[in-house]
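Colleague: I want to test the labels on this one. Take me through them, and set each value against its cut-off.

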Amino acid sequence: PDPAGCNVHALDVETGTVRWCRTFARSVGGSAVEVDANGNLYLTADRDVISLHADGTDRWTTTIASTGGTDFGDGALGVHFTPAGHVATVTSAGVVVLLARDDGHELARLDLPSVTGFVPPMALMSGGLSSLVPASVRADLEAAFGTGGGGNGLASFLGASGNFSDNTVA
C-alpha cells in the first residue's frame with residue numbers, strides 16, 4: 001500500500017520471511033512475475049521487460065519502443081515463455097515482441113492490427129460495465145492501476161480502453 005515501498009517481494013516458501021523486495025513502477029502490478037528453471041525472474045513495468053537473478057539483482061532490462069498505444073505509456077503488458085524458450089510480451093497497441101531470455105535482445109515483433117487486421121474491443125466503460133464489478137475489487141484495481149477511463153488503469157482491465165492486454169493475444 002505504500003507507493004514508495006516495495007511492490008515485488010520474494011518470500012522463503014518454508015518460513016514465509018521476505019528474502020528481498022524491490023520497487024518498480026506502479027504498472028508492475030499488471031504483470032505476473034514469471035520464473036524460469038534457472039530461478040531467473042521476468043516481469044514488466046511501464047515500457048520495460050525486466051529480468052532479475054533469483055537474489056533480486058538486475059539481470060537485464062529491455063525497453064519496448066512506443067508502438068502507438070496509450071496504456072501505461074504503451075508499455076509491455078505481462079510476460080510469457082514460448083515453447084522455443086523465449087520471452088513474449090504484448091503492448092497495449094497490439095504489438096507482440098519476442099525477446100531472448102538470456103540477454104533480453106529483441107528477436108522479432110509482430111504488429112497484429114496492421115498484419116492481421118485484429119483489433120481490440122471497443123470501449124465498454126460508457127455502458128456501465130464498471131458498475132458490475134464489486135466496489136472492493138474496483139477499489140483494489142484502481143489502487144494498483146489508476147482510475148482513468150478510455151485508455152489506462154482500471155478501464156483497460158474491463159475492456160474499456162480500446163487497447164490490447166496481454167491476455168488478448170499472448
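Colleague: Which residue of β6 stands opposite Leu52?
Modeller: Asp58 stands there. Ground rules next. This is a predicted model, with residues numbered from 1 along each chain as its sequence is written. Local features need pLDDT of at least 70 and side-chain atom pairs 80 or more, totals for chains, interfaces and linings use all residues, and side-chain values use heavy atoms, without hydrogens or water.

Colleague: What makes β5 and β6 a pair?
Modeller: Two strands pair if DSSP finds at least two bridges between them. β5, residues 48-52, has five bridges to β6. Five meets the cut-off, so they pair. The two run antiparallel. Ile50 has Thr61 of β6 as its bridge partner. Strands here are DSSP runs of E, at least two residues long, numbered from the N terminus.

Colleague: What lies between β5 and β6 in their hairpin?
Modeller: Five residues. Gly56 in that hairpin takes a positive phi near 90°.

Colleague: What does β5 pair with on its other side?
Modeller: β4; the sheet order is β3-β4-β5-β6, with antiparallel pairing. The sheet is open and has four strands. β4, residues 41-45, and β5 share five bridges. Ala45 is bridged to Asp48 in β5.

Colleague: Why are β3 and β6 called edge strands?
Modeller: Each pairs on one side only. β3 covers 34-35 and β6 covers 58-63.

Colleague: How much of β5 is covered?
Modeller: Four of its five residues are buried. Buried means under 20% relative accessible area, exposed over 50%, and partly exposed in between (1.4 Å probe, protein chains only).

Colleague: Why is Asn40 called buried?
Modeller: Its relative accessibility is 10%. That is under 20%, so the label holds. Asn40 lies in the loop between β3 and β4. Asn40 touches Glu34, Val35, Ser51, Leu52, His53 and Arg59, leaving out residues up to four places away in sequence. Touching means contact: heavy atoms within 4.5 Å.

Colleague: Why is Ser27 called buried?
Modeller: Ser27 has 8% relative accessibility, again under 20%, so it counts as buried. Ser27 is in the loop between β2 (18-22) and β3.

Colleague: What does the side chain of Ser27 reach?
Modeller: The backbone nitrogen of Asp46, at 2.5 Å. A polar contact is a pair of N or O atoms within 3.5 Å; within protein, one must be able to donate a hydrogen and the other to accept it, and residues adjacent in sequence count only if both atoms are side-chain atoms. The distance of 2.5 Å is within 3.5 Å, so the cut-off is met.

Colleague: Why is Asp46 called partly exposed?
Modeller: Asp46 has a relative accessible area of 36%. That falls between 20% and 50%, so partly exposed fits. Asp46 sits in the β4-β5 hairpin, which has two residues between its strands.

Colleague: What makes the phi of Asp46 worth a remark?
Modeller: The phi is positive, about 55°, although Asp46 is not a glycine. Most residues other than glycine have a negative phi.

Colleague: How do you know that Cys6 and Cys21 form a disulfide?
Modeller: Their sulfurs are 2.1 Å apart. The definition asks for a pair of cysteine sulfur atoms within 2.5 Å, so the pair qualifies. The structure holds one disulfide. The link is right-handed, with 40° about the S-S bond. Cys6 lies in the segment before β1 (8-11) and Cys21 in strand β2, 15 residues apart.

Colleague: Buried or exposed, or in between: what are Cys6 and Cys21?
Modeller: Cys6 has 31% relative accessible area and Cys21 has 33%. Both values lie between the cut-offs, so each is partly exposed.

Colleague: What do the side chains of β1 do?
Modeller: They alternate. Val8 and Ala10 point to one face and are buried, while His9 and Leu11 point to the other and are not. β1 pairs antiparallel with β2 over four bridges. Leu11 stands opposite Val18 in β2. Their hairpin has six residues between the strands, and Gly16 in the turn has a positive phi of about 80°.

Colleague: What is the confidence overall?
Modeller: The average pLDDT is 78, and 68% of the residues score at least 70. pLDDT is the predictor's confidence in each residue, from 0 to 100. Residues 69-73 fall below 50, yet have 20 contacts in the model beyond near neighbours in sequence. Residues 123-127 are also below 50, with 11 such contacts. Where pLDDT is low, the predicted coordinates should not be read in detail.
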